[in-house]
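Student: Could you pick out one strand and take me through it closely, side chain by side chain? After that, I'd like to hear about the ligand site too.

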Amino acid sequence: MSQQSASERKLNLSRSRALFQEAQQVMPGGVNSPVRAFRGVGGEPVFIERGEGAYLYDVDGNRYLDFVQSWGPMILGFGYPSVLEAVTEASKRGFTFGAPTQAETELARLVIESVPSVEMIRFVNSGTEATMSALRVARAYTGRSKIVKFTGCYHGHADMLLVQAGSGVATLGLPDSPGVPSETTANTLSVPYNDKEAIKQVFETYANEIAAVIVEPVAANMGLVLPVPGFLELLRELTAKHGALLIFDEVMTGFRVALGGMQERVQITPDLTCFGKIIGGGLPVGAYGGRREIMQVVAPLGPMYQAGTLSGNPLAMAAGIATLKELRKPGQYELLEQKSQLLGEGIARVLHDTNSDAQIVRIGAMFCLYFTREPVHNYADAKRASAERFASYFWEMLERGYYLPPSQFESCFLSLAQEEAHLQEMVQSIETVLRQQA
Ligand SMILES: *Cc1c(COP(=O)(O)O)cnc(C)c1O
């Protein structure tokens with residue numbers, strides 16, 4: 001999508017434009033995380049002033065129904081009263097102490113009660129730290145070096161994981177990143193997602209060298225790719241058979257596709273799980289946890305070193321506790337599923353009626369539109385979807401007041417703050433946009 005058609009829009013984004021000019025003087029690309037720069041759709045980013053419930057308000061006074069939710073955390077919507085109160089109260093007691101607080105144990109218990117495979121947990125400050133540390137645990141525990149990941153899966157930006165990663169890297173089209181020495185990734189094996197033969201082959205070749213397989217149990221950083229039946233089961237079987245650990249990266253899917261994450265939906269018990277996003281309720285948090293016996297290698301109990309000045313931060317713990325308490329109330333995930341179904345069926349009907357070449361993929365409170373008729377099972381399939389069509393759809397939807405992820409390789413999120421009427425209106429807007437495109 002070109003800058004030109006972006007500038008033909010009726011939407012007034014003049015203040016966003018000005019702020020972006022300023023930001024570019026002092027920060028690379030004007031942003032602190034690449035995908036925010038809107039390069040995946042051409043044009044310039046919208047600067048946000050505030051969020052309220054299901055809505056975002058930009059600096060020019062435009063209002064959008066938000067489907068990005070800060071890339072996942074804001075599942076309750078903005079300014080949720082109990083979360084706001086918990087963070088406000090915690091902030092009065094002090095921002096950070098670097099000493100233990102009861103809130104850490106409380107959030108740990110809430111995660112452990114929700115996700116039975118997790119018996120012990122360590123809080124960190126981001127999803128990146130969570131996956132990086134979980135792999136260190138796996139290597140320490142098994143005494144092995146090699147790790148297996150899947151092409152197009154994103155596990156944060158740690159050097160060893162920046163191989164065939166999706167998300168921002170995919171959008172920018174970087175096959176890899178300069179600054180990552182090949183020695184660092186020499187022990188990272190990358191296999192196509194959903195490819196059962198390829199993963200069997202890897203285990204035949206490196207049987208006793210693999211410390212862990214790390215996987216997004218739903219791949220949500222190349223759009224939204226569901227695991228084919230038997231794929232996750234095969235990973236469980238092969239890792240168990242060969243003495244490797246299975247790590248589910250549920251930074252995005254945790255507390256989103258079910259209270260117990262994707263592992264609850266597929267009834268598979270990973271050895272370790274990574275969390276982030278929702279468990280911090282919008283403040284910076286990550287966590288990794290799993291079987292007690294494995295987590296016991298972590299210092300100071302065991303020899304594997306991992307630390308953090310702000311880890312277990314009181315404000316982040318308060319936001320996380322309040323958020324999970326809300327999500328643990330009966331019926332919340334049924335409600336999210338109802339919304340998802342309503343939207344999913346509405347969009348599917350529109351795609352059919354307009355004879356569109358797009359398809360919708362959805363699971364729990366997340367969904368994605370791919371502009372291709374071919375089924376999408378892996379990263380190569382995802383890249384075949386039309387980036388131009390996506391970009392045009394993105395800008396048309398923005399114009400109509402919908403803030404979608406500015407990249408076809410990102411998933412859209414539903415929240416408890418969105419109402420059925422919001423979603424019905426969205427379906428109508430999508431119909432209008434698709435008819436225009438046709
Ligand atoms: C967002 C994400 C990460 C990285 O988390 P950050 O907090 O951005 O470092 C890791 N894994 C998955 C699956 C993610 O979606």
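**A close look at β12**

Tutor: Let's start with the side chains of β12: Met366, Cys368 and Tyr370 point one way, Phe367 and Leu369 point the other way, and all of them are buried. Keep in mind that this is a predicted model. The strand covers residues 366-370, and with five of its five residues buried, β12 is mostly covered.

Now for its partners. Strand β11, residues 359-363, runs antiparallel to β12, and five bridges join the two. Within that pairing, isoleucine 363 stands opposite methionine 366 of β12. The two strands form a hairpin with two residues between them, and glycine 364 has a positive phi there, near 50°. β12 also pairs with strand β14 (residues 412-413), again in the antiparallel sense, over two bridges. Here phenylalanine 367 has cysteine 412 of β14 as its bridge partner.

For another covered strand, have a look at β5. Six of the six residues in β5 (residues 146-151) are buried, so the rest of the structure largely encloses this strand. Its pairings run parallel: three bridges join β5 to β7, residues 210-215, and five link β5 with β6, residues 188-192. If you want to find the register, isoleucine 147 has alanine 212 of β7 as its bridge partner, while phenylalanine 150 sits opposite valine 191 of β6.

On to the ligand. Among the residues around it are Ser126, Thr128, Tyr154, His155, Asn221, Asp249 and Lys277. For polar contacts, a side-chain N or O atom of threonine 128 is 2.6 Å from a ligand oxygen. Asparagine 221 has a polar side-chain atom 3.3 Å from an oxygen of the ligand, and aspartate 249 places one 2.7 Å from a ligand nitrogen. On its own the ligand has 380 Å² of accessible area, and the protein covers 83% of that.

One of those surrounding residues deserves an extra stop. An unreviewed UniProt entry annotates Lys277 as "modified residue: N6-(pyridoxal phosphate)lysine". Lysine 277 is found in the loop between β9 (272-275) and β10 (286-290). Its relative accessibility is 26%, so lysine 277 counts as partly exposed; the cut-off for buried is under 20%. Leaving aside residues up to four places away in sequence, lysine 277 touches Trp71, Gly72, Pro73, Val251, Met252, Gly282 and Val285. Val251 and Met252 turn up around the ligand as well.

How values were computed:
Residues are numbered from 1 along each chain as its sequence is written. This is a predicted model: local features need pLDDT of at least 70, side-chain atom pairs count only at pLDDT 80 or more; totals for chains, interfaces and linings use all residues. Side-chain values use heavy atoms; hydrogens and water are left out. UniProt positions are given in the numbering used here, feature names are shortened, and annotations may be inferred rather than shown by experiment. Helices (H or I, at least four residues) and strands (E, at least two) are DSSP runs, numbered from the N terminus. Buried means under 20% relative accessible area, exposed over 50%, partly exposed in between (1.4 Å probe, protein chains only). Contact means heavy atoms within 4.5 Å. Two strands pair if DSSP finds at least two bridges between them. A residue is near a molecule or strand if one of its heavy atoms lies within 4 Å of it. A polar contact is a pair of N or O atoms within 3.5 Å; within protein, one must be able to donate a hydrogen and the other to accept it, and residues adjacent in sequence count only if both atoms are side-chain atoms. Accessible areas come from the Shrake-Rupley method with a 1.4 Å probe; for residues, only the protein chains shown count as cover.
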